[in-house]
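Got your viewer open and a selection tool ready? Let's take a walk together, one stop at a time.

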Amino acid sequence: MHPRDQTIFALSSGRPPSAIALVRVSGPQATLALTLLAGRLPTPRQATRRVLRDGTGQPIDEAVVLWFPGPASATGEDVAEFHIHGGRAVLAALFTAISLIPNTRAADPGEFTRRAFENGKLDLTEAEGLDDLIHADTDRQRRQALRQLQGLLGHRARDWRERIIEASALIEAGIDFSDEGDVPAELRAPAVRAIQALYDEIADVLAAQGHSERLRDGLVVAIAGEPNVGKSTLMNQLARREVAIVSPHAGTTRDVIEAQLDLDGYPVTVIDTAGIRETDDPVEQEGVRRARARADDADLVLWLVEGDHAADPDAVRLLRRSEEGDRPDGSVWIVRNKIDLGGADPRGEFAISASRGDGIAELVDALVKFASDFFGTTEGGMVTRTRQRDLLSQASDSLRRSLELVEEGEELAAEELRAAAYALGRLLGRVDVEDVLGTIFQKFCIGK
């Protein structure tokens, strides 16, 4: 029997022990499993209290059971749910009893959601939204993922694809009636209007997204500078806990230290790096190399200097890259630390005391504003993954080319329309996406 035809089961709640645990069973044998363990089937979609018994008639636990006959279930198959007490021994006994039923096995990661996708219960953008919702750490991530799960992009993509197919039908009808004189021209005009409207809509969506797909991973902010300028102290201030070791000895930080922050709902990874200086210590040299690399890759660099000291050549290099457009505008900030010791002349730059907390609130407010500008329109934003942006861009490019080619020949324009519809089909997961399915669903928890 093919694995997809087998019945699967898994723990779909938190790690035991817990007060209550949820075990789900999906597939052809789910109804038999519920009948054998609970004695008889409950009323569909109605919670019922039953004593669960194993194959020898021995009681396992008192439980609440539910039955969802397919296709009116989360996976589109027959689904049984067992709400039991979340002790390890109870779970082990229930798993043993279920596994003894023929053609029943433990689920792979994401297999419940994959079956829901394959049975048409959700498209690929909605499945990605569910994955993002499970892994959301901030409220903005949660809201974006929930909109995707509710079909924000998928519904629009299905509408766009249907309209492309309608426009393509008009273009291809013109090909079929090419010997009828004015018929192709009559069919071409409404098709061109439809294609232009579609192109404008998709282009507007792409233009409005900013870096919305980056909201899943978050903004990366690197704290860099020479040794002993207060980088680790600032790191601890931003994280509001002791993340990095603070020491008056130069070269204490040897490796890259990270902390995850939630700044007004924006996910931000703050990186404390080794002090950048010339050194003969091979371990510190590696730390300096990593610090320079992370500063180069970060979305924003907070370059710390002490008091009114000038920024060193590394900071100037990064600043020059910003001015030349190789980095986002304003992605290197000079932060003057230790203003409590006097001598700082901020001149419009950030002036702080990382040890006392002076200026930290203003710096955090500026970080929130930077994150807001960086991510762009996340409220209502449709694009949450690079895969989605790439496929929308492919569809947009094909629509543009079809407009350019329609006067030269309907055959070329029709081919570009087919390419646009194909890209949107891949976006929804309805054509030729087997290569990405495993990558997406294997990241899910077992039981989802």
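**Stop 1: the aromatic cluster**

Start by selecting Tyr 266, Trp 333, Phe 350, Phe 370, Phe 374 and Phe 375, which together form one aromatic cluster. Keep in mind as you look around that this is a predicted model. Across the whole structure, a search finds six aromatic pairs.

Now narrow the selection to Tyr 266 and Phe 375. Their rings form a stacked pair, with 5.6 Å from centre to centre and 10° between the planes. Colour by secondary structure and you will see Tyr 266 in strand β9 (residues 266-272) and Phe 375 in helix α11 (residues 360-375), so this pair ties together parts that are 109 residues apart in sequence. Are these two residues buried or exposed? Both Tyr 266 and Phe 375 are buried.

Next, pick Phe 370 and Phe 374. Their ring centres are 6.3 Å apart and their planes meet at 15°; planes under 30 degrees apart count as stacked, so this pair is stacked. Follow the backbone between them: both residues lie in helix α11, four residues apart, which is about one turn of the helix. Phe 370 and Phe 374 are each buried.

**Stop 2: charges over rings**

Go back to Tyr 266 and show Arg 140 as well. The charged end of Arg 140 sits over the ring of Tyr 266, 4.1 Å from the ring's centre. For another example, move to Phe 112: Arg 24 lies over its face, at 4.7 Å from the ring centre.

**Stop 3: strand β10 and its neighbours**

Select residues 300-306, which make up strand β10. Why is this strand largely enclosed by the rest of the structure? Six of its seven residues are buried, so the surroundings largely enclose β10.

Add strand β7 (residues 219-225), which runs parallel to β10 and is joined to it by five bridges. To find one of the partners, click on Ala 224: its bridge partner in β10 is Trp 303.

Then add strand β11 (residues 332-337). Six bridges join β10 to β11, and these strands also run parallel. Here, Leu 302 has Trp 333 as its bridge partner in β11. You have met Trp 333 already, as a member of the aromatic cluster.

**Stop 4: Asp 299**

Finally, select Asp 299, in the loop between α9 (282-297) and β10. Its relative accessible area is 10%; buried means under 20%, so Asp 299 is buried. Show Val 220 too: its backbone nitrogen lies 2.9 Å from a polar atom of the Asp 299 side chain.

Definitions and conventions: Residues numbered from 1 in each chain as written. Predicted model: local features only at pLDDT ≥ 70, side-chain atom pairs only at ≥ 80, totals over all residues. Heavy atoms only, no water. Buried < 20%, exposed > 50% of the residue type's maximum accessible area, 1.4 Å probe, protein only. Helix = DSSP H or I, 4+ residues; strand = E, 2+ residues; numbered from the N terminus. Pairing = 2+ DSSP bridges. Phe/Tyr/Trp six-rings, centres within 6.5 Å; stacked < 30°, edge-to-face > 60°. Lys NZ or Arg CZ within 6 Å of the ring centre and 35° of its normal. Polar contact = N/O pair within 3.5 Å; in protein donor to acceptor, adjacent residues only side chain to side chain.
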